[in-house]
Amino acid sequence: MIKTITILGSTGSIGTQALEVCKKLGIQVQALTAKSNIALLEKQIREYKPKAAAVYDKEKAKILKENISDLDIPVYSQMEGLCKIAADIESDIVLNSVVGMVGLKPTLEAINNKRHIALANKETLVAGGELVTRAARENGVKIIPVDSEHSAIFQCMQGMNDKKELKKIILTASGGPFFGKKMKDLENITKEQALKHPNWSMGAKITIDSATMMNKGLEIAEAKWLFDIDEKDIDVVIHRESIIHSMIEYKDNSVIAQMGVADMRVPIQYAITYPQRYPSLAAELDLTQISTLTFFKPDYDTFLCLKACKLALQKGGLYMAVANGANEQAVELFLKDEIKFLDIGNIVLKAVNTIDVSDEITLENILKADNDARNFVLCHFNKK
């Protein structure tokens with residue numbers, strides 16, 4: 001089992017649960033980072049005593065540095081600080097649980113310094129999949145998924161003798177709070193309604209992505225790169241109970257599923273301890289208490305974000321960076337009550353259909369595509 005870990009995004013939902021796992025297993029926390037929640041970060045620093053910390057918000061980083069002046073712990077800031085933590089602090093594995101495109105550069109820095117990655121940051125593979133997986137191969141680095149769906153697939157594939165045996169991947173989706181709704185039902189959806197997920201407790205951005213089903217589009221892109229599979233061989237099914245976390249189908253049509261209670265500490269722990277398993281903090285699944293497992297086809301005509309991601313994957317290249325950037329900007333506006341819920345899917349689809357991007361996959365071009373998409377959204381809603 002690993003002995004040391006760096007956690008990027010330690011104050012978020014994944015990060016706090018990862019610290020619970022580390023405490024239970026006795027794993028030394030080498031470094032912690034946060035976007036701006038310095039109150040919680042200070043508590044974590046005092047409890048886990050890392051060697052370094054970073055805060056993305058420059059001013060908040062200064063305050064934290066003053067608040068922990070009694071400790072001999074350096075505090076870095078902004079993107080430079082995240083990258084320094086990812087690259088320079090010695091650890092067996094880097095858990096990247098930051099939200100958004102901000103996670104891409106630190107992931108690459110960690111990989112290029114031969115740190116294994118436990119990946120919860122979707123955007124790293126969504127926007128930079130080709131770049132990131134190539135760097136991992138060149139540096140002999142493992143990328144182990146933390147998302148419950150990709151962890152499920154990863155676990156199901158452990159018994160596979162040959163990659164050629166795999167027929168397809170089946171991603172399950174809860175359907176979010178608006179399952180079964182049509183466009184007309186969603187015209188006046190509020191932020192508060194969209195933030196009420198039926199099964200999972202997550203951060204605001206990820207919860208909105210679940211409500212629009214953008215999260216499932218991002219997960220298709222992730223699966224494509226994580227498991228080196230054509231997007232045409234990745235299916236999505238709505239599974240309201242969130243008991244089956246995803247499945248794989250073999251050439252002989254045998255389907256293998258990974259099941260468990262809806263508790264992210266299971267995939268977090270497996271990513272950290274792979275290939276070993278240890279007793280978990282999660283509750284045991286009691287099959288006798290489950291009356292029904294249901295499955296439905298996704299509604300691409302209502303949930304346009306999912307449709308936009310499918311289109312972006314078909315177009316290839318940097319178009320998933322466009323879809324992701326447009327979505328991040330649109331969700332930010334929605335959370336500020338500046339646009340409507342349905343505007344998110346409409347503008348993401350329009351961005352994928354409208355913006356031209358370079359064919360060359362480089363970090364510079366990925367970031368440019370992301371920036372162009374954000375500007376496209378801001379200009380469309382006259383926010384710039």
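Student: Which residues of strand E1 point one way, and which the other way?

Tutor: Thr4, Thr6 and Leu8 point one way from E1, while Ile5 and Ile7 point the other way, and all are buried. The model is a predicted one.

Student: What makes E1, residues 4–8, a mostly covered strand?

Tutor: Five of its five residues are buried. A residue is called buried when its relative accessible area is under 20%.

Student: How do you know that E1 and strand E2 are paired?

Tutor: Pairing requires at least two bridges between the strands. E1 and E2 (residues 28–34) have five bridges and run in the parallel sense. As an example, threonine 4 has glutamine 28 in E2 as its bridge partner.

Student: Which strands pair with E8, and in what sense?

Tutor: E8 is joined to strand E10 (residues 244–250) by five bridges in the antiparallel sense, and to strand E9 (residues 234–238) by five bridges in the parallel sense. Lysine 168 stands opposite glutamate 249 in E10, and isoleucine 169 stands opposite isoleucine 234 in E9. E8 itself, residues 166–173, is mostly covered, with six of its eight residues buried.

Student: Why is the pair of phenylalanine 179 and phenylalanine 296 called tilted?

Tutor: The structure holds six aromatic pairs. In the pair of phenylalanine 179 and phenylalanine 296, the ring centres are 5.0 Å apart and the planes stand at 50°, so the pair is tilted. The centres satisfy the limit of 6.5 Å, and the angle is neither under 30 degrees, as stacking would require, nor over 60, as edge-to-face would require.

Student: What makes this pair a link between parts that are apart in sequence?

Tutor: Phenylalanine 179 lies in the loop between E8 and helix H8 (191–194), and phenylalanine 296 in the loop between helix H11 (265–273) and helix H12 (304–315), so the pair ties together parts 117 residues apart in sequence.

Student: Why are phenylalanine 179 and phenylalanine 296 called partly exposed?

Tutor: The relative accessibility is 31% for phenylalanine 179 and 37% for phenylalanine 296. Partly exposed covers the range between the 20% and 50% cut-offs, so each of these residues falls in that class.

Student: How do you know that the charged end of lysine 224 sits over a ring?

Tutor: It is 5.2 Å from the centre of the ring of tryptophan 225. The distance cut-off is 6 Å, so this value satisfies it.

Student: Which residues are closest to the centre of the second largest pocket, and which elements line it?

Tutor: The second largest pocket has a volume of about 450 Å³. Of its 18 lining residues, the closest to the centre are Thr133, Ile143, Trp225, Leu226 and Phe227. Helix H6 (122–139), strand E7 (143–145) and helix H10 (214–226) each give two or more residues to the lining, and H6 gives the most, with five. The lining divides into 11 nonpolar, two polar and five charged residues.

Student: How does the lining of the largest cavity divide into nonpolar, polar and charged residues?

Tutor: The structure holds one cavity of 30 Å³ or more, and about 80 Å³ of space lies in the largest cavity. Its lining includes Met183, Phe303, Cys305 and Gly345. The lining divides into seven nonpolar, three polar and no charged residues. Helix H14 (341–354) gives the most to it, with three residues.

Student: What is notable about phi in lysine 49 and methionine 213?

Tutor: Most residues other than glycine have a negative phi. Lysine 49 has a positive phi of about 50°, and methionine 213 has a positive phi near 70°. Lysine 49 lies in the loop between helix H2 (38–48) and strand E3 (52–55), and methionine 213 in the loop between helix H9 (204–212) and H10.

Student: Are these two residues buried or exposed?

Tutor: Lysine 49 has a relative accessible area of 57%, which is over 50%, so this residue is exposed. Methionine 213 has 2%, which is under 20%, so that residue is buried.

Student: What is the geometry of the peptide bond from tyrosine 274 to proline 275?

Tutor: The bond is cis, with omega near 5°. Proline 275 lies in the loop between H11 and H12.

Notes. Residues numbered from 1 in each chain as written. Predicted model: local features only at pLDDT ≥ 70, side-chain atom pairs only at ≥ 80, totals over all residues. Heavy atoms only, no water. Buried < 20%, exposed > 50% of the residue type's maximum accessible area, 1.4 Å probe, protein only. Helix = DSSP H or I, 4+ residues; strand = E, 2+ residues; numbered from the N terminus. Lys NZ or Arg CZ within 6 Å of the ring centre and 35° of its normal. 1 Å grid on protein atoms, 1.4 Å probe; cavity = no way out; pocket = protein on both sides within 12 Å on 5 of 7 lines; lining within 4 Å. Points joined across faces, edges and corners; volume = space filled by probe spheres on them. Nonpolar A, V, L, I, M, F, W, Y, C, P; charged D, E, K, R; others polar.
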